[in-house]
Amino acid sequence: MSLVTSAMLQLGLAAPPGEPAPRPDLPAAQETIDLLALLQQKTKGNLTREEEEILSGSLSELRLAFVELSRRVSRGI
């Protein structure tokens, strides 16, 4: 969950309490998402069903947010 939170901060989707959302850092977010994907691959078959669902769902949401944000940045929005 720590890596998921880090990726959300890097995407500008979350902020520490009482602070504005940080500016997106797409390269850092991509690295964190890639690390989560690697962890998913390396732990396949060794996680509980709940753990796998959390990891898979979080990874899907982060990837979707990354793509959407990348598109907005490329359009200059």
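Here is a short chat about a predicted model.

User: Before we start, what should I know about the model?
Analyst: It's predicted, so to speak, by computer: local features need pLDDT of at least 70, side-chain atom pairs count only at pLDDT 80 or more, and totals for chains, interfaces and linings use all residues. Residues are numbered from 1 along each chain as its sequence is written, and side-chain values use heavy atoms, leaving out hydrogens and water.

User: Cool. How many salt bridges does the structure hold?
Analyst: One. A salt bridge here is a side-chain nitrogen of Lys or Arg within 4 Å of a carboxyl oxygen of Asp or Glu.

User: Which side chains meet in it?
Analyst: Arg49 and Glu53, at 3.5 Å, N to O. Side chains of opposite charge can pair when their charged atoms come close.

User: And how far apart are Arg49 and Glu53 in helix 3?
Analyst: They're four residues apart in helix 3 (residues 49-75), so about one helical turn separates them. Helices are DSSP runs (H or I, at least four residues), numbered from the N terminus.

User: Are Arg49 and Glu53 buried or exposed?
Analyst: Both Arg49 and Glu53 are exposed. Exposed means over 50% relative accessible area, buried under 20%, and partly exposed in between (1.4 Å probe, protein chains only).

User: New topic: Thr32. Buried or exposed?
Analyst: Thr32 is buried, with a relative accessible area of 9%. Thr32 lies in helix 2.

User: What is Thr32 in contact with, leaving aside neighbours within four places in sequence?
Analyst: Leu3, Ser6, Ala7 and Gln10. Contact means heavy atoms within 4.5 Å.

User: What about Leu35, where is that found?
Analyst: Leu35 is also in helix 2, which covers residues 26-42. At 38% relative accessibility, Leu35 is partly exposed.

Conventions
Helices (H or I, at least four residues) and strands (E, at least two) are DSSP runs, numbered from the N terminus.
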